[in-house]
Amino acid sequence: MALSFFTKNKKALLARCRDDYQTKMRLKYAPWYHSMEAQKGTTVRLAGKEMIMLSSNDYLGLSFHPKVVEAGRAALLKWGTSTTGARTSNGTRTYHLELEEKLADFLGREACHISVAGYLACMSSVASFAQKGDVILADKNIHSCLWDGIRLSVATVERFSHNSPDDLRNVIAAVSPDTPKMLVIEGVYSMEGHIARLPELSEIAEEHGCFTVLDDAHGFGVLGRQGRGTVDHFGLNDKVDVICGSMSKSLASTGGFVASSKDVIEYLRSHSKQTIFSAAISPSQAACAQASLEIMQTEPDHLDRLWANTRKYRAILKSLGLDTWESETPAVPIVLGSKERVYPFWKALLDKGVFTVMSIAPGVPVGKDLIRTAISAMHTDEQLEKIADAMAYALKKL
Ligand SMILES: Cc1ncc(COP(=O)(O)O)c(C=O)c1O
């Protein structure tokens, strides 16, 4: 007893965990890690109360689509629960290759590789290709998985102002023409809902021989023909080298993908630690994503409804004078500027039966503390009316 007390006190890392301010605040105010007891579409039950889900990334609302659910069930029965192995060793199945081919086709690419998480796929899209001595030009507001990929690559990183071709031009001008370069951007920025200024950014990248990686986790399913994403939206398929993304949003599954030329994907399969040493995605995950991909191409109503709902929702927020950071997509932030304003707003929405997510600095730039909301094709007009009432109430509470 005395000995364990002594060793506990000596372990600095245990003390760090025990005394961490951020964790103490999180546990005190409990804004995250809510456990829902039930879900049906955009309705969830939390602490016995029915709520409207307003922060899911189920943009097309396919997570309860009968065809998607059935595909997952059938795959589970046919293939079991897991491959229990990495793709490199015992984990590759025909359904992986089938989904990769379909995704590659849809995105107008030669090849594709799927991973167990969007986070891993996007991280490996950077880490597998860039190396020490290279320069990575990164938009300041890219997702954490891309920053992790940058760190892992050990390349030199130069940041440019968010979505600013002018700043990219300035920053890139200072890099030696002989240095191998990579541009890392998102198609649709997850917090801001901004669409990348791809025509200008890709033109600069081309001029300077930059390999371009675009994370389209929030553009896929939302923009472009049948939801082909940001690159298709601009018709710039030949200007972006790698499109990576997530299957946990419009594809209503989990997992991630990297799509590119055959050479690039085969290089990734040789060099990506996230691929070589991580288990393959499970049968039901892959089957759900594949079913959603088919629905995107055969049932256009989901995309139409998503945009109709987005327009209605934006009009509601605009009429209340809320700051949506000029979001152009169904990912709509409500910028409140400080955590002292975000918390009561978020809590008031919760009290009124609307579930949203708080995002505070350093997760977002200082002064941009916000409530992240996202619209789904599944939201009903009745739900949008309730959301409007809840927003008005939360605003009054401020
Ligand atoms: C821009 C972006 N990239 C990648 C990811 C990671 O995807 P996943 O949650 O499927 O791992 C996310 C998820 O939030 C994201 O927003």
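The buried residues of helix α15 pack against β12 (354-355), β13 (357-359), β14 and α16 (381-397), where helices (H or I, at least four residues) and strands (E, at least two) are DSSP runs numbered from the N terminus. This is a predicted model, in which local features need pLDDT of at least 70 and side-chain atom pairs count only at pLDDT 80 or more, while totals for chains, interfaces and linings use all residues. Residues are numbered from 1 along each chain as its sequence is written.

In α15, V342, F345, W346 and L349 are buried, a residue being buried if 20 or more other C-beta atoms, placed from the backbone, lie within 10 Å of its own. Seen down the axis of α15, these buried residues fall within an arc of 100°, so they line one face of the helix; the arc is that of the directions from the helix axis to the C-beta atoms. Just after α15, G353 takes a positive phi of about 85°.

On a wider scale, the protein is divided into two domains, domain 1 (26-55 + 300-397) and domain 2 (66-298), with bounds that come from an automatic or database domain assignment. Their C-alpha centres lie 27 Å apart, and 16 residues of domain 1 are in contact with eleven residues of domain 2, contact meaning that the C-beta atoms of two residues, placed from the backbone, lie within 7 Å. The elements that give two or more residues to the side of domain 1 that touches domain 2 are tabulated here.

| Element | Residues |
|---|---|
| α14 | 301-319 |
| β11 | 331-335 |
| β14 | 370-374 |

Methods. Buried ≥ 20, exposed ≤ 12 C-beta atoms within 10 Å, placed from the backbone.
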